[in-house]
Amino acid sequence: MESAGFNEWTFLDASGLPHSEEMTIAERIRKVGNQLEDVITIHDPEMYDRDWQARFVYDERNDVRLADYACNDTHRDLSSVKGVRR
């Protein structure tokens, strides 16, 4: 999946890493054994000298169902998911 068209309201992480409107993101998700690996590549030639990546690995959970959504979808109530605090 590739994404573009980010604006000043978009954030990369909780620390507030900067980005420009030129930023594009490529995300590759694959199943490895009983885990899901998510590798995100940030391309922003205006802010960074070279592309950089973040990698996340998630263990399989039978109590969670993945669903597609857009970042601007309205908030979803996760309070019924086991382990999620209210």
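## A walk from the core outwards

Start by selecting Phe-6, Met-23, Ile-25, Ile-40 and Ile-42: these 5 residues make up the largest nonpolar core. Keep in mind as you click around that this is a predicted model.

Stay with Ile-40 for a moment and show what surrounds it. Leaving out residues up to four places away in sequence, Ile-40 touches Ile-25, Ala-26 and Glu-27, and also Trp-52, Gln-53, Ala-54 and Phe-56.

Next, colour the strands. S2 covers residues 24–32, and S3 covers residues 35–43. The two run antiparallel, joined by 9 bridges. To see two core members facing each other across that pairing, pick Ile-25 and Ile-42: Ile-25 stands opposite Ile-42 in S3. Then follow the chain round the hairpin of S2 and S3, where 2 residues sit between the strands. Click on Gly-33 in this hairpin, and you'll find a positive phi near 60°.

Now go to the other partner of S3. That's S4, residues 52–59, again antiparallel to S3 and joined to it by 8 bridges. A handy pair to highlight here is Glu-37 and Val-57, since Val-57 in S4 is the bridge partner of Glu-37.

While you're on S3, select Asp-38, which lies in this strand. Which side chain of opposite charge is nearest to Asp-38? It's Arg-28, but draw the distance and you get 8.9 Å; Asp-38 is buried yet has no salt bridge. A salt bridge would need a side-chain nitrogen of Lys or Arg within 4 Å of a carboxyl oxygen. Show the contacts of Asp-38 too: beyond four places in sequence, they include Glu-27, Arg-28 and Ile-29, along with Ala-54, Arg-55, Phe-56 and Tyr-58.

For the aromatic stop, there is 1 aromatic pair to find in the structure. Select Tyr-48 and Trp-52: their rings are edge-to-face, 5.9 Å centre to centre with 75° between the planes. Switch on a surface and look at Trp-52, which counts as partly exposed because its relative accessible area is 26%, between the 20% and 50% cut-offs.

Last stop: Ala-4. Look for it in the loop between strand S1 (2–3) and strand S2. Is Ala-4 buried or exposed? It counts as exposed, because its relative accessibility is 57% and the cut-off is over 50%. Setting aside neighbours within four places in sequence, Ala-4 is in contact with Met-23 and Thr-24. Finish by drawing a C-alpha to C-alpha line from Ala-4 to His-43: they're 39 residues apart in sequence and 9.9 Å apart in space.

How values were computed. Residues are numbered from 1 along each chain as its sequence is written. This is a predicted model: local features need pLDDT of at least 70, side-chain atom pairs count only at pLDDT 80 or more; totals for chains, interfaces and linings use all residues. Side-chain values use heavy atoms; hydrogens and water are left out. Helices (H or I, at least four residues) and strands (E, at least two) are DSSP runs, numbered from the N terminus. Buried means under 20% relative accessible area, exposed over 50%, partly exposed in between (1.4 Å probe, protein chains only). Contact means heavy atoms within 4.5 Å. Two strands pair if DSSP finds at least two bridges between them. Rings of Phe, Tyr and Trp (its six-membered ring) pair if their centres lie within 6.5 Å; planes under 30 degrees apart count as stacked, over 60 as edge-to-face and the rest as tilted. Lys and Arg count as positive and Asp and Glu as negative; His and the chain ends are not counted. A nonpolar core is a set of buried Ala, Val, Leu, Ile, Met, Phe, Trp, Tyr and Cys residues joined through side-chain atoms within 4.5 Å.
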